[in-house]
Every structure is written in structure tokens, then in C-alpha cells.
Amino acid sequence: MTQTYSDPALAQRMKRREVPNAPIDMLAVKGDGPSAETARAALRTLHETWTLISDAAKNTEVELSELTKVGDRALKRGLKAMDNAHETVRKQIAFTDGKIRDVVQPTISPQMAAEIRSLVRSDPAKALLMVREDPRISSAVLSGPASLSGVTQDEQERLKAAAIAAHAPELGAQKHEAELALSLMERMGSHATAVLASKLHSWGNAQPTQMDALRKAAAA
């Protein structure tokens, strides 16, 4: 709830100091896998930084010039944690991708791959059922251009999804969880930069307990 002030001058000063609340879904990371935990920790750091800046701004004893300097350092620390988490989760996604590929695209001979593709080409309507039955079939279909199996690129992507669901469901779920975590971090990092950086830079000139906590966040 926005507080109202009877003094117009005070109301104007407080409006300038007002920082929007951190997004309610900032900490809504789903899952309990390593990628979700990594994202959750980074988002928690950013959320705490956001809250410290917001709380300090509400205290009129805090000079805005000081808050700008300390808040900027704290925000950079929070965004650095996000960057590190991005890199970690991207590596986790790449690692999971490799494990998925090992399962749904096992090594088969070129001759077997050609025979399977010819079989799929003869009846593309049954391709979905076929890749679900045997990972060697999904390997042949996915390891070459879609046209070799008589399907479109979109159809090949659907066949890949079906093969993962059939032969590597847990790995597929891990990758999906990681991709959701990465997407949330990217959105929240961009949002924090747009809102907090803009607010900090808008404060040109202006030290109690809130600043102590914010300094600790900036120096950690």
C-alpha cells in the first residue's frame, strides 16, 4: 500500500525516493535440482539487495548521494551473482544435453542408420511410434538432416521430444527445469537492471542502520 503525506513537499521527496517492490515471482524457482538451487541462491541475493535499497530509500535520514554509491555497488554484486549463476546453469544444461544425446542417439553403424531412415521414409506417419520403441531408430532419425528420413525439421524436433520422453524422461525433466530457471534469472536480472539501476542513477544528491546492512551487502 502506498503511504500518503499531507505535506506536498514531503510527498514529493518521498515519491522521488520510492523504489518499486521486488517482483513477487523473483523467488518462484521451480524444482529441487542443481540448476534450480543455483538459480534460487542467485535470485535470493538479488532480492535481498533490492529490499535493502528499497528500505534504505524509505528512511529520510539516508542521503541519496550516499545511497546511490553504496546501492550501486550492492546491485553490481547482486548482478554478478546472477551472471555466475547463468554460466553455471548453462553448463549444466549442456552437460544434460550430452547425457540425453547419449541415450536417444546411441552409436549405430552408417549402414543401420541408412536402413532405418529408408524404413521411416516409407511410412513417415509411423515415425513417432518407431522412435518411441527403439533408441536406435531415434538415433538414425536425429543424427542426420530431416530430409533423409522423409520428415520436416519441425517433425524431426517433435520426434526428438518424443524420443526423450520415452527413453530419457528424467534427463528431459532436468533440462526443462534448468531452462525455466535460466529464463527466470534472465528476466529478473534484466528487470532489476532496468528498475534499480535507473532509480539509483536518478538520485543525484542527498546514515542510519539500513545503510550499515547495505554496505555489508555491497562489500561481501
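**Entry 1. Terms for a helix pair**

I note at the outset that helix axes at angles over 145 degrees count as roughly antiparallel, and those at angles under 35 degrees as roughly parallel. I keep in mind that the model I am reading is predicted.

**Entry 2. Helices α6 and α7**

I looked up how helix α6, residues 135–142, lies against helix α7, residues 153–167. The two pack at an angle of about 155 degrees, and their axes are 10 Å apart. I therefore record α6 and α7 as roughly antiparallel to each other. The crossing in which α6 passes α7 is left-handed.

I then listed the residues that meet. From α6 these are Pro135, Ser138, Val141 and Leu142, and from α7 they are Gln156, Leu159, Lys160, Ala163 and His167. I sorted the residues of this contact into five nonpolar, three polar and one charged.

**Entry 3. The cover over α6**

Which residues of α6 are buried? I found Ile137, Ser138, Ser139, Ala140, Val141 and Leu142. That is six of the eight residues in α6, and I describe the helix as mostly covered. The buried residues of α6 pack against α7, and also against α3, α4 (110–122) and α5 (127–133).

I followed Ala140 of this group to Pro110: the two are 30 residues apart in sequence, and their C-alpha atoms are 8.7 Å apart in space. Pro110 belongs to helix α4. Its relative accessibility is 70%, so I enter Pro110 as exposed, the cut-off being over 50%.

**Entry 4. Ala162 in α7**

I returned to α7 for Ala162, which lies in that helix. Is Ala162 buried or exposed? Its relative accessibility is 8%, so I count Ala162 as buried, the limit being under 20%.

Setting aside residues up to four places away in sequence, I find Ala162 touching Leu128, Val131 and Arg132. Arg132 stands 30 residues from Ala162 in sequence, yet their C-alpha atoms are 6.4 Å apart in space.

**Entry 5. Thr96 in α3**

I next looked at helix α3, residues 64–104, in which Thr96 is found. Thr96 has a relative accessible area of 9%, and I therefore record this residue as buried. Leaving out neighbours within four places in sequence, I list Leu171, Gln174 and Lys175 as the contacts of Thr96.

**Entry 6. The nonpolar cores**

I recall that in soluble globular proteins, nonpolar side chains tend to be buried together. I therefore looked for nonpolar cores. The largest has 33 residues, and within this core the most contacts belong to Val29, Leu43, Trp50, Leu67, Met185 and Trp203. Helices α2 (34–58), α3 and α8 (169–202) each supply at least two of the core's residues. The most come from α8, which gives eleven.

I took Val29 as one residue of this core to follow further. Not counting neighbours within four places in sequence, Val29 is in contact with Ala36, Ala39, Arg40, Leu43, Ala181 and Leu184. Another core lies apart from the largest one and has 14 residues, among them Ala113, Met130, Ala140 and Ala146. Ala140 I had already met among the buried residues of α6.

**Entry 7. The whole chain**

I closed with the chain in full. How many helices and strands does the secondary structure come to? I count nine helices and zero strands. Read along the sequence, the pattern is α-α-α-α-α-α-α-α-α. Of the 220 residues in the chain, 41% are buried.

Key
Residues numbered from 1 in each chain as written. Predicted model: local features only at pLDDT ≥ 70, side-chain atom pairs only at ≥ 80, totals over all residues. Heavy atoms only, no water. Helix = DSSP H or I, 4+ residues; strand = E, 2+ residues; numbered from the N terminus. Buried < 20%, exposed > 50% of the residue type's maximum accessible area, 1.4 Å probe, protein only. Contact = heavy atoms within 4.5 Å. Axes fitted to C-alpha atoms, helices over the stretch in contact; angles between N-to-C directions. Parallel < 35°, antiparallel > 145°, perpendicular 65-115°, else oblique. Left-handed = near helix turned anticlockwise from the far one by under 90°. Nonpolar A, V, L, I, M, F, W, Y, C, P; charged D, E, K, R; others polar. Core = buried A, V, L, I, M, F, W, Y, C linked by side-chain atoms within 4.5 Å.
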